[in-house]
Amino acid sequence: MRFLFKTRYDQDIDLARHAGDRLWYGLLLALLVIAPAWLPEYWLAQLTFVLIYGVVGVGLMLLAGYTGLFSLGHAAFLGVGAYTETVLASMGWPFPLSLAAATALSAAVGAIVGLPALRVKGIYLAIATLAFGFIVEEILARWESVTGGNAGKIVPTLDVFGWKADTPASFYFVCLVVAVIATLAVLNLLRAPTGRAFVAIRDSEISAQSMGIHLARYKTLSFMVSAALAGVGGALYAHQIRFLSPDQFGILQSIDLLLMIVIGGLGSIHGAFLGALFLITMPQLITLGKDYLPGAVAEATGLQAFVYGIVLIAFVLFEPMGLYGRWLKLRTWFDLFPFYRAGMFRRQKSFQKSDRLR
Amino acid sequence: MSDLLLSARDLTVRFGGVLAVNGVSFDVPRGGVFTLIGPNGAGKTTVFNLISRIYTPTSGTIEFDGVRIDRSPPHRIADLGIARTFQNIELFEHATVLQNLLIGRHMHRRSGFWSELVFAPDVRRAERETRRKVEEVIDFLDLQHYRDTMVAGLPYGVRKVVELARALCMEPRLLLLDEPSSGLNVEETGDMAFWIEDIRDDLGITVLMVEHDMSLVSKVSDRVLAMNQGEVLAVGTPAQVQNDPSVVEAYLGTADDATSLRRVA
């Protein structure tokens, strides 16, 4: 077990808490950098998807996990980013510029969608964002001159001032760089006053307000950053999938995204990536598992949705802290072996909630 | 600079048909501890919520250090130098004690959004400074032991102190304490009395509090205001107010009430 003796404030401020952190995250990054050399092409494509969904997940995590605002329309931001990127890339814009435009447009749309969040919360906000998701899906289908409507739209190859990411490996590196930058930016935000203001709003609005936190400004900011990251993810998604149609950005995608961060573990950046890993590998595992199931079950429609549902219910019931929470417990178990107790992570119940100010 | 820090004039709040606060006027002098007392439902907490702008007065004015605050937005109150605690503890539960106190320094932040995204050197400098200030408060209130503990796992008495610490991190000029001793045992209440005196004497912060525990009130208060049913009964030193006939009547009833009760029995 490791004991940390803090002698400088920087030890709390730095992202890496100790040398071990630097070692393990360095190894992970090295492994990701050399991934194209040893991963088969199919699995490299899946890893690229994990990175893309990870970026979107980090954005949604900031909104839902850290600010406490749940969005059921996040696929719409993904769609705004994807279509903006596709339209601009078709017009010959280089990738950095079109990505910036896609990000900015998503953020602007996020600011507008954030408006109801200033008045409603919880289930009502979920319904408002759900409605927004339907509106965007409808716009994508009907605005045929720009989006190509339900016939779809072909995405050109990613082009950075003449350099083309036309192989899976080169595109994978683009995604890796974007994912690392996005994650670092969010981590930086979270360790600064802005991130703390988000957490304050999540835990007690009334108290946050009396600390001088401008609720409307920070809620809007959270929505904008979250939407911007979804837009970045959408732009990458467009190049990865190569063909866009409106139905990719519907309610099912939104639910997938929410599912991803809940299963990954709300309130942790690790959770966003673990959730993305789960979201991408689960269908593969189900496909592999089909060979061992009796024919009637394996061929049944909705098998995947069924398994997803079961897994989600299991997580909500048995592991509300998600995959990352499970990992924390496992690590603590090894840290404290043999002194781990079953109730160590149980939350103390608070009986003060009934007459709290709203 | 006048020696009045806060003055309320003819404050009235109506919730539908209920007159929660009715024409209340009072002045809080700079320095010292000013206490609001009164039976349950007297309107003490409502007055607090008016000052911290959770409620808007139906009529009347509140001036803080010469500035009208009864119409300013709630988050501006902190910037003016008013901090508060809550009757039922409103801490950020899923954060550590240290993080809670850091949020208390929010109004003193200097970094902008873009420099925070890249965590520029000036953000790091500001963060170090923030932590140094927070450590001063931790030392002041003896919270070293709990620095990295999650609030959700802390006992009630400690949470009360953490909430006080968070308010002090704001470096306010006026500190509003809503029942600082509620839910505390005798020893913890004693500690709280010491801290309130220290806050007044060492930090020079004016304290305005609502309190039921009369021993704490008479120990630390410089002035006391008694309220009942939304109106002011008496203002003065703790002893004066405690002996005021109208205050005695509000708490215990009159001699006539007692005799009439006896007759019924």
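## A walk through chains A and B

Start with helix α13 of chain A by selecting residues 251–264 in this predicted model. At 1.5 Å a residue, the 14 residues of this helix should span 20 Å, and the end C-alpha atoms are indeed 20 Å apart, so expectation and model agree.

Keep α13(A) selected and colour its buried positions: Gln253(A), Ser254(A), Leu257(A), Leu258(A), Met260(A), Ile261(A), Ile263(A) and Gly264(A). As you look along the helix, one general point helps: an α-helix has 3.6 residues a turn, so residues three or four places apart point the same way.

What covers the buried residues of α13(A)? Show α4 (41–66), α5 (74–90), α7 (123–142), α14 (269–290), α16 (303–318) and α17 (322–336) of chain A, which are included in that cover. Before leaving, step just past the end of α13(A) to Gly265(A), where phi is positive, at about 125°.

**Where the chains meet**

Now display both chains together. Here 31 residues of chain A are in contact with 36 residues of chain B. On the chain A side, select α1 (10–13), α9 (168–190), α10 (193–203) and α11 (205–210); each supplies at least two of the residues that touch chain B. Which of the elements gives the largest share? That is α10(A), with seven residues. Colour this side of chain A by class and you will find 14 nonpolar, 11 polar and six charged residues.

**Over to chain B**

Hide chain A and take in chain B as a whole. Its secondary structure comes to 11 helices and 10 strands. The radius of gyration of chain B is 20 Å, close to the 18 Å that the globule rule gives for 265 residues, so chain B is as compact as a globular protein of that length. Along the principal axes, its C-alpha atoms fill a box of roughly 75 × 40 × 35 Å. Buried residues make up 43% of the chain. Among contacts in chain B with a separation of 6 or more, 66% join residues 24 or more positions apart.

**A pair of helices**

For the last stop, select α3 (residues 97–104) and α6 (residues 156–169) of chain B. These two helices pack at an angle of about 35°, with their axes 7 Å apart, and the crossing of α3(B) and α6(B) is right-handed. Show side chains for Val97(B), Asn100(B), Leu101(B) and Gly104(B) in α3(B); they meet Val162(B), Ala165(B), Arg166(B), Ala167(B) and Cys169(B) in α6(B). By class, this contact has six nonpolar, two polar and one charged residues.

Definitions and conventions. Residues are numbered from 1 along each chain as its sequence is written. Chains are lettered from A and ligands numbered from 1 in the order in which they are written. This is a predicted model: local features need pLDDT of at least 70, side-chain atom pairs count only at pLDDT 80 or more; totals for chains, interfaces and linings use all residues. Helices (H or I, at least four residues) and strands (E, at least two) are DSSP runs, numbered from the N terminus. The expected span of a helix is 1.5 Å times one less than its number of residues. A residue is buried if 20 or more other C-beta atoms lie within 10 Å of its own, exposed if 12 or fewer, and partly exposed in between; C-beta atoms are placed from the backbone. Two residues are in contact if their C-beta atoms, placed from the backbone, lie within 7 Å. Axes are lines fitted to C-alpha atoms, for helices over the stretch in contact, and angles run from 0 to 180 degrees between N-to-C directions. A crossing is left-handed if the near helix is turned anticlockwise from the far one by less than a right angle, and right-handed if clockwise. Ala, Val, Leu, Ile, Met, Phe, Trp, Tyr, Cys and Pro count as nonpolar, Asp, Glu, Lys and Arg as charged, and the others, Gly among them, as polar. The radius of gyration is taken over C-alpha atoms; the globule rule is 2.2 Å times the number of residues to the power 0.38.
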